[in-house]
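Let's take a walk through the inside of this protein, looking at how some of its helices pack and where empty space is left. Have the model open and follow along.

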Amino acid sequence: MRTARATWAALVAVPLALGGLTSQSHAQDASPSPSGTFGPGCSSLSQKADTARDKVVEAAAAYPELSQLVAATVRARLGGALDGKPDVTVFAPNDQAFKKVTTSQLASLLKDEGQLKRVLTYHVVDQRIAPDQLSNGSFTTVEGGKLTTSGSGSHFKVNGKANIVCGNIKAANATIYVIDAVLQPPS
């Protein structure tokens with residue numbers, strides 16, 4: 001029932017009217033990687049429940065700021081595939097990240113299930129990535145492309161573009177890093 005409500009809520013929450021957002025920048029520091037949840041956006045995330053026992057899609061659905069990602073995952077029919085994997089890391093674009101995508105680009109992406117799956121699976125790595133692996137990481141995504149991470153302390157970037165605004169969120173089968181940009185797989 002909880003999954004059905006989360007799925008329904010996600011389907012209802014696919015707004016296509018998108019606006020702009022200025023990107024954030026963070027200074028790098030030399031402090032060690034955090035061991036718990038970290039990032040400047042963690043305090044503003046509106047978690048509805050403890051997600052440590054939930055599979056990744058239900059865990060993401062507990063955060064209203066990830067409603068566009070959850071809706072796109074449902075639309076691409078990836079929920080079962082992601083929830084069925086034993087250990088994954090999701091670099092989860094928040095709703096503000098989707099606002100950076102033009103309305104026409106998003107509409108085109110949502111119409112093409114194959115391309116939508118490709119973009120979404122580019123945000124997923126088939127292993128759990130700990131914060132101490134983010135400083136200078138290179139990972140193969142489920143889509144098959146390479147994804148890189150860099151930074152230190154509690155300030156990290158993905159592909160030199162997206163900031164991790166809240167990281168190391170635990171789900172039963174995943175670690176989630178909320179990012180502020182939608183990543184595009186290499187051509």
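In this predicted model, a good place to begin is the pair H3 and H7, which are oblique to each other. Their axes cross at roughly 130 degrees and come within 9 Å. An angle counts as oblique when it falls outside the ranges for roughly parallel, roughly antiparallel and roughly perpendicular, the last of which runs from 65 to 115 degrees. As for handedness, the crossing of H3 past H7 is left-handed.

Which residues make this contact? From H3 come Leu 69, Ala 72, Thr 73 and Arg 75, while H7 brings Glu 113, Leu 116 and Leu 120. Sorted by class, the contact of H3 with H7 holds four nonpolar residues, one polar residue and two charged ones.

Now stay with H7 and turn to its packing against H6. Here the axes lie 5 Å apart, and the angle is about 105 degrees. H6 and H7 are therefore roughly perpendicular to each other. On the H6 side you will find Leu 109, Leu 110 and Lys 111, and these meet Glu 113, Gln 115, Leu 116 and Val 119 of H7. This contact divides into four nonpolar, one polar and two charged residues.

With the helices in view, let's look for gaps. Rolling a probe the size of a water molecule over the atoms reveals where space is left empty. How many cavities of 30 Å³ or more does the count give? There are two.

The largest cavity has a volume of about 140 Å³. It is lined by 13 residues, and those closest to its centre are Val 56, Leu 69, Thr 73, Leu 82 and Val 90. Helix H2 (56-61), helix H3 (67-75) and strand S1 (88-93) each give two or more residues to this lining. Eleven of the lining residues are nonpolar and two are polar, with no charged residues. You have already met Leu 69 and Thr 73, in the contact of H3 with H7.

The second largest cavity holds about 50 Å³ of space. Its lining includes Ala 72, Leu 109, Leu 110, Leu 116, Val 119 and Leu 120, along with Pro 93, Phe 98, Leu 106, His 123 and Val 182. Helix H6 (103-111) and helix H7 (113-121) are the elements that give two or more residues to this lining. By class, the lining has ten nonpolar residues, one polar residue and no charged ones. Leu 116 is worth a last look: this residue of H7 takes part in the contact with H3, in the contact with H6 and in the lining of the second largest cavity.

Key. Residues numbered from 1 in each chain as written. Predicted model: local features only at pLDDT ≥ 70, side-chain atom pairs only at ≥ 80, totals over all residues. Heavy atoms only, no water. 1 Å grid on protein atoms, 1.4 Å probe; cavity = no way out; pocket = protein on both sides within 12 Å on 5 of 7 lines; lining within 4 Å. Points joined across faces, edges and corners; volume = space filled by probe spheres on them. Helix = DSSP H or I, 4+ residues; strand = E, 2+ residues; numbered from the N terminus. Nonpolar A, V, L, I, M, F, W, Y, C, P; charged D, E, K, R; others polar. Axes fitted to C-alpha atoms, helices over the stretch in contact; angles between N-to-C directions. Parallel < 35°, antiparallel > 145°, perpendicular 65-115°, else oblique. Left-handed = near helix turned anticlockwise from the far one by under 90°. Contact = heavy atoms within 4.5 Å.
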